[in-house]
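Colleague: Before I use the labels in this annotation, I would like to hear the reasoning behind them. Please take them in turn.

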Amino acid sequence: MIGDTLSSWLRTLRHDLPASLVVFLVAVPFSLGIATASGAPPAAGLIAAVVGGLVAGSLGGSAVQVSGPAAGLSVVVVELVRIHGWRATCMITLLAGVVQLVLGVVKAARAVPALSPAVVRGLLAAVGVILALSQLHVLLGGQPQLSVLANLADLPGQIAGLHGHKVALGLFTIVVLALWTRLPGRVRAVPAPLVALPAAAGVAWLSGWDVTRVDLAGSFSGWGFPVLPSADWHTIVGAVLLVAMLGSVESLLGSAAADGTHPGRRADLDQELTGQGVANMVSGALGGLPVAGGIVRTEANVRAGGRTRSASILHGVWVLVFAVGFGWMVRLIPLEALAALLVFTGVRMVGLARVRKDRGHGAVPVYVVTVVSVLVLGLAEGVLAGLALAALLALRRLTWVNVRRREEQDGRLHVTVSGSLTFLGVPRLTHELRSIAAGTPVDLDLTIDFMDNAAFEAVHSWRLDHERTGGTVDIDEPYDEWYALAARGTRTGRSPDRRWVPWTQRTRPERRTIPDDGGSTPATCTGASHDLHRRTVPPVRPIFTELARKQQPTHLFITCADSRIVPGLITASGPGDLFTVRNIGNLVPRRGSEPHDDSVVAAIEYATQVLGVRTITVCGHSGCGAMAGVLSAGVQAGSLPGLRRWLRHGNHSLARFIETEGDRLHKGALDVLCRVNVQQQLENLRTYRKVDEQVRAGKLELVGLYFDIGSARVHLVPPLRSSLSVKL
């Protein structure tokens with residue numbers, strides 16, 4: 001126990017301690033900049049950073065996420081401070097933390113991934129625009145306005161009255177940030193703010209420029225316990241829910257994104273939400289900004305090698321030590337440099353490259369509407385507008401039904417229906433089906449992913465009517481059995497994989513009578529062949545069209561002729577992947593062996609020297625009848641002379657079995673021989689010079705597989721030259 005504790009502390013000192021120092025150096029200027037942008041006292045940002053590290057870091061569900069004041073919430077806080085005052089804003093933060101705590105306890109975090117990603121991206125992009133515009137005014141030496149439109153209207157005047165050194169310093173900071181993010185990976189291991197802000201401070205000090213300084217002294221002169229806002233309860237509840245929602249979404253999305261950047265334990269989103277709630281309660285009570293998971297801080301933590309929550313906690317300790325003992329150093333940071341940092345952060349939040357994901361899913365309108373609505377109407381109104389449009393588009397997709405008709409040469413009408421068949425698409429579907437002339441033989445393909453009861457009734461009713469008027473309807477469902485199961489009243493879930501439906505039903509295909517080329521003479525055609533042409537072939541026809549030109553398999557697969565062995569199922573392969581040899585006992589006759597056999601040798605030569613396969617796999621199986629015959633020294637082959645001669649190629653496997661197991665048979669002897677036989681056939685392959693040369697040159701790999709039929713599991717069989725034992 002003591003050793004484990006010491007090892008844990010050593011890992012913390014090795015990885016998390018350096019990472020915490022890097023995050024601390026990034027968090028201090030970010031916290032000060034966000035506090036300034038929020039219209040809050042500068043120290044409020046440091047308080048939020050301390051609480052985010054100590055409380056959210058200890059109680060949260062993510063190992064690497066670092067919490068603190070969030071840039072996305074600054075646009076909300078600045079408005080709350082303007083309307084209600086700072087102390088009332090602290091109370092709103094505290095109450096928002098209570099809401100988050102309750103949501104975490106009732107495990108509501110699982111609902112966040114259900115939000116439309118386009119709405120979330122649109123919200124973050126709009127917040128980035130608002131943040132960048134407001135801080136651009138500070139960078140230019142002016143004051144931000146109360147709305148996006150006002151900031152845009154006032155921007156030309158700010159640009160016209162440039163404030164010399166302040167603007168130059170801000171632009172210098174942005175240039176350093178932009179260039180640093182484009183440097184090679186090893187250099188970018190140092191976070192860009194950690195380079196840009198000291199550089200800006202150094203330039204301002206060396207040049208003696210007149211810039212605005214951040215001063216912590218007296219920043220909490222009016223501090224006191226949080227008080228309730230002097231507004232009606234509807235306004236207070238709306239503000240609390242808005243802060244809770246934005247903080248929760250930013251934290252949970254950041255936590256989920258951080259999971260993909262480290263190999264450690266995945267985040268518990270409900271626990272993360274609970275930790276954020278407690279942190280906001282504490283931060284609000286102490287006079288700090290709202291707390292949320294920060295993408296910039298988390299990214300810095302992961303890049304610096306942080307592995308556990310210790311990095312986040314220690315970063316909070318360093319911020320506390322800095323605020324208490326070294327607060328005077330804050331004056332070294334120019335306010336214009338902080339504003340430039342937030343402008344750069346806001347622009348990166350827009351993330352236009354992410355819109356490509358929405359374009360692929362037809363969600364660009366949702367993204368655009370969310371961005372515009374947030375900028376013009378407000379955060380809550382913009383999110384509601386985006387969600388409403390996303391819901392309308394989803395509803396529209398449910399009404400989409402595509403009906404295609406094609407006349408076949410035999411006079412049949414082929415109709416393909418694709419999409420989702422719901423009551424919303426019934427009118428169009430009914431119109432298309434009823435336009436089919438009476439008496440027409442129809443092949444109806446339902447290539448659908450869903451069918452509700454209204455759609456089933458419409459299709460079924462039309463089918464009955466069409467057949468009563470002399471027509472025929474053959475309904476096929478290539479990918480599922482929505483109609484068939486609904487017709488039987490047994491639709492309880494998704495049907496099995498369509499490739500195996502006829503097989504899993506375990507019934508003999510019925511014989512059908514079809515006219516051949518000569519007229520109406522009966523011809524035999526099994527239901528399986530009909531199923532192949534109607535259901536299986538259409539989806540895979542493009543693959544076979546490509547394969548018709550040339551076969552290019554990557555594997556030679558040698559296996560038993562046993563009917564229970566399905567190579568495509570065992571190897572998850574498709575058409576054109578395997579060059580297959582099947583024989584009794586998956587045997588490979590040794591070079592020059594008797595009785596002489598050229599069929600397997602010819603396949604090996606063609607596969608390796610003409611097709612250029614890179615792998616030869618020998619696959620045996622449990623309960624192999626051929627191996628039972630070998631084990632009985634040919635007795636079980638009975639009066640089958642050809643089989644008795646063929647099984648002589650298994651004598652080397654039997655000799656190897658006796659060498660390892662002895663001549664005493666036991667209960668599992670047959671299956672042991674089946675495995676040994678796979679290993680021996682791999683050795684037999686090496687008796688062919690070309691095969692052995694390719695194996696030695698690393699151009700060909702030999703693999704042994706054993707398929708346990710009873711459990712339907714595949715096991716890798718090591719070669720005999722391996723040190724592993726062949727015993728079960």
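Modeller: What follows goes through the labels, each with its value and its cut-off.

Colleague: What kind of model is this, and what does the chain contain?

Modeller: The model is predicted. The protein chain has 28 helices and 13 strands. Of its 728 residues, 47% are buried. The accessible surface comes to about 36400 Å², and carbon and sulfur atoms account for 61% of that.

Colleague: Why is Met-451 called buried?

Modeller: Buried means under 20% relative accessible area. Met-451 has 7%, so the label applies. The residue is part of strand β5, residues 441–451. Its C-alpha is 6.4 Å from that of Ser-420, although 31 residues separate Met-451 and Ser-420 in sequence.

Colleague: Why does Gln-100 count as buried?

Modeller: The cut-off is under 20%. Gln-100 stands at 0% relative accessibility and therefore counts as buried. Gln-100 belongs to helix α4. Leaving out residues up to four places away in sequence, Gln-100 touches Ala-244, Gly-247, Ser-248, Leu-273, Gln-276, Gly-277 and Asn-280.

Colleague: Why is Val-106 called exposed?

Modeller: Exposed means over 50% relative accessible area. Val-106 has 55%, so it is exposed. Val-106 sits in the loop between α4 (86–105) and α5 (117–139).

Colleague: Which residues form a nonpolar patch with Val-106?

Modeller: The patch consists of Val-98, Val-102, Leu-103, Val-105 and Val-106, with about 400 Å² of accessible area together. Membership requires over 30% relative accessible area, and Val-106, at 55%, meets that condition. Nonpolar side chains are joined within 5 Å.

Colleague: How do you know that the length of helix α7 agrees with its number of residues?

Modeller: The expected span is 1.5 Å times one less than the number of residues. For the 16 residues of α7 (residues 165–180) this gives 22 Å, and the end C-alpha atoms are 22 Å apart, so the two agree.

Colleague: Which residues of α7 are buried, and what covers them?

Modeller: Val-167, Leu-169, Gly-170, Thr-173, Val-176, Leu-177 and Trp-180 are the buried ones. Their cover includes α5, α8 (192–207) and α13 (335–350).

Colleague: What makes β11 and β12 a pair of strands?

Modeller: Two strands pair if there are at least two bridges between them. Strand β11 (residues 615–621) and strand β12 (residues 701–708) are joined by seven bridges and run parallel. One of the bridge partnerships is that of His-621 with Phe-707 in β12.

Colleague: What makes β12 and β13 a pair as well?

Modeller: At least two bridges are needed, and β12 has five to strand β13 (residues 713–717), the two running antiparallel. Tyr-706 stands opposite His-715 in β13. The hairpin of β12 and β13 has four residues between the strands, and Ala-712 there takes a positive phi near 55°.

Colleague: What makes the contact of Glu-79 and Arg-82 a salt bridge?

Modeller: The limit is 4 Å from side-chain nitrogen to carboxyl oxygen. For Glu-79 and Arg-82 the distance is 2.4 Å, N to O, which satisfies it. Both residues lie in helix α3 (residues 71–84), three residues apart, about one turn of the helix. An α-helix has 3.6 residues a turn, so residues three or four places apart point the same way.

Colleague: Why are Glu-79 and Arg-82 called partly exposed?

Modeller: Partly exposed lies between the buried limit of 20% and the exposed limit of 50%. Glu-79 has 28% and Arg-82 has 44%, so both take that label.

Colleague: How do you know that Arg-468 and Asp-465 form a salt bridge?

Modeller: Their closest N and O atoms are 2.2 Å apart, and the limit is 4 Å. Arg-468 and Asp-465 are separated by about one helical turn because they are three residues apart in helix α18 (residues 453–468). Arg-468, at 63%, is exposed, whereas Asp-465, at 36%, is partly exposed.

Colleague: Which residue forms a salt bridge with Arg-686, and are the two buried or exposed?

Modeller: The partner is Asp-692, with the closest N and O atoms 2.6 Å apart. That falls within the 4 Å limit. Both Arg-686 and Asp-692 are buried. Salt bridges link these two and Arg-696 in a network. The structure has nine salt bridges.

Terms used
Residues are numbered from 1 along each chain as its sequence is written. This is a predicted model: local features need pLDDT of at least 70, side-chain atom pairs count only at pLDDT 80 or more; totals for chains, interfaces and linings use all residues. Side-chain values use heavy atoms; hydrogens and water are left out. Patches are made of residues with over 30% relative accessible area and no salt bridge: like charges are joined within 9 Å, nonpolar side chains (Val, Leu, Ile, Met, Phe, Trp, Tyr) within 5 Å. Accessible areas come from the Shrake-Rupley method with a 1.4 Å probe; for residues, only the protein chains shown count as cover. Buried means under 20% relative accessible area, exposed over 50%, partly exposed in between (1.4 Å probe, protein chains only). Contact means heavy atoms within 4.5 Å.
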